[in-house]
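The exercises below ask for a reading of one molecular model, residue by residue and pocket by pocket. Please inspect the sequence and the coordinates before turning to the solutions.

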Amino acid sequence: MEQLLVVQVRAPVASFRRPLDHNYQRTLPMPPPTTLIGIAAAALGISDRELWASESPLRHLKVSVLMGSEPGLARDMWTVLKIKRNKIAERSPYFRELLFFARYILLYGGDDGVLNHLAQAFLDPAYPLSMGREDELISVDDVAIAEAQDGDPRFEGTVLLGDIRRVEGVQVVIKHGVTLKPILVETLPLRFRVDDQGVRHPEALTPLSFLPVGTEMIVPTVKALQWQGRNFAWLTS
């Protein structure tokens, strides 16, 4: 068994922009690893530069996420005003996908002292906690230290390392009355490097597989852990 910090959150509105999108900004269905680490840093009051430094207190934090329920999805149109010589030169519209009434279970692993400190921080965060943009705030419904059991490599509504479409032996579990949905695979950073000007640079770019709720897949190559009957796997180590 392994000690685990479980943080259950909900967000009226959330979005996790896919990195290569510009005029049409699609959203990932769940927060990626860097967002999960960033939320922990906000709770603790750790700056962006301190978070991604080699001596960061969260350097060895393990993260994963479970989707609590299927959120609503909408598309919103925004307009960017481009200003030249103190005048609006042009208007550039773009569309952004938004998730509504999203519920997530944020999972953290690592040193017991760090997890206990982080648990207290989520109950009284130093900075506002958001999912995506700064104004997409979340509510923390529950914070608990739990035990992760050895799991069964049957996953749904979670994120896995790698492109599982290319893994041999993967099986889709067919359930009566359940409509299968495609998985989403996106190459994303597992961490950042912050330069002297404060600009973040992605590091450890890795394919990640986002499995929707209701589409259960057996991935025998993944080491599974379990919390309250839900299987997951660490996205960082």
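Five exercises follow, each with a worked solution.

The model is predicted, so that local features need pLDDT of at least 70 and side-chain atom pairs count only at pLDDT 80 or more, while totals for chains, interfaces and linings use all residues. Residues are numbered from 1 along each chain as its sequence is written, and side-chain values use heavy atoms, with hydrogens and water left out.

**Exercise 1. The surroundings of Thr 27**

Task: Determine where Thr 27 lies and whether it counts as buried or exposed.

Solution.
1. Location: Thr 27 belongs to the loop between β2 (24-25) and α1 (33-44). Helices (H or I, at least four residues) and strands (E, at least two) are DSSP runs, numbered from the N terminus.
2. Accessibility: Thr 27 is classed as buried because its relative accessibility is 8%. Buried means under 20% relative accessible area, exposed over 50%, and partly exposed in between (1.4 Å probe, protein chains only).
3. Polar partner: a polar atom of the Thr 27 side chain lies 2.9 Å from the backbone nitrogen of Phe 16.
4. Contacts (heavy atoms within 4.5 Å): with residues up to four places away in sequence not counted, Thr 27 touches Ser 15, Phe 16, Arg 18, Leu 73, Glu 97 and Leu 99.

**Exercise 2. Two pockets**

Task: Describe the volume and lining of the largest pocket and of the second largest pocket.

Solution.
1. Definition: on a 1 Å grid over the protein atoms alone, a pocket is an open set of points where a 1.4 Å probe fits, with protein on both sides within 12 Å along at least five of seven lines; lining residues have an atom within 4 Å of a point. Grid points are joined across faces, edges and corners, and a volume is the space filled by probe spheres set on the points.
2. Largest pocket: its volume is about 1000 Å³. Its lining comprises 31 residues, of which Thr 34, Thr 35, Gly 132, Phe 192 and Arg 200 are the closest to the centre. Two or more lining residues come from each of α1, α2 (48-51), β10 (184-194) and β11 (200-211). The largest share, 6 residues, is that of α1.
3. Classes in the largest pocket: the lining has 18 nonpolar, 7 polar and 6 charged residues. Here Ala, Val, Leu, Ile, Met, Phe, Trp, Tyr, Cys and Pro count as nonpolar, Asp, Glu, Lys and Arg as charged, and the others, Gly among them, as polar.
4. Second largest pocket: its volume is about 350 Å³. Among its 18 lining residues, Thr 27, Pro 29, Glu 70, Leu 73 and Leu 184 lie nearest the centre. β5 (87-109) and β11 are the elements that give two or more residues to this lining, which by class has 12 nonpolar, 1 polar and 5 charged residues.

**Exercise 3. Helix α1**

Task: Which span should the 12 residues of α1 have, and how many of them are buried?

Solution.
1. Expected span: the rule is 1.5 Å times one less than the number of residues. For the 12 residues of α1 the expected span is 16 Å, and the end C-alpha atoms are 17 Å apart, which agrees.
2. Burial: α1 is mostly covered, with 9 of its 12 residues buried. Pro 33, Thr 34, Leu 36 and Ile 37 are among them, as are Ile 39, Ala 40, Ala 41, Ala 42 and Ala 43.
3. Following residue: Gly 45 comes after α1 and has a positive phi, near 80 degrees.

**Exercise 4. Phe 122 and its partners**

Task: Identify the residues in contact with Phe 122, leaving aside its neighbours within four places in sequence.

Solution.
1. Location and burial: Phe 122 lies in helix α3 (residues 112-123) and counts as buried because its relative accessibility is 2%.
2. Contacts: the partners include Ile 39, Ala 40 and Ala 43, as well as Leu 5, Val 7, Tyr 108, Leu 129, Val 140 and Val 143.
3. Separation: Phe 122 and Leu 44 are 78 residues apart along the chain, and their C-alpha atoms are separated by 7.8 Å.

**Exercise 5. Positive phi outside glycine**

Task: State the phi, location and accessibility of Phe 101 and of Gln 228.

Solution.
1. Background: most residues other than glycine have a negative phi.
2. Phe 101: the phi is positive, about 55 degrees; the residue is in strand β5 and counts as exposed at 65% relative accessibility.
3. Gln 228: the phi is positive, about 50 degrees; the residue lies in the loop between β13 (225-227) and β14 (230-232) and counts as exposed at 66% relative accessibility.

How values were computed: Polar contact = N/O pair within 3.5 Å; in protein donor to acceptor, adjacent residues only side chain to side chain.
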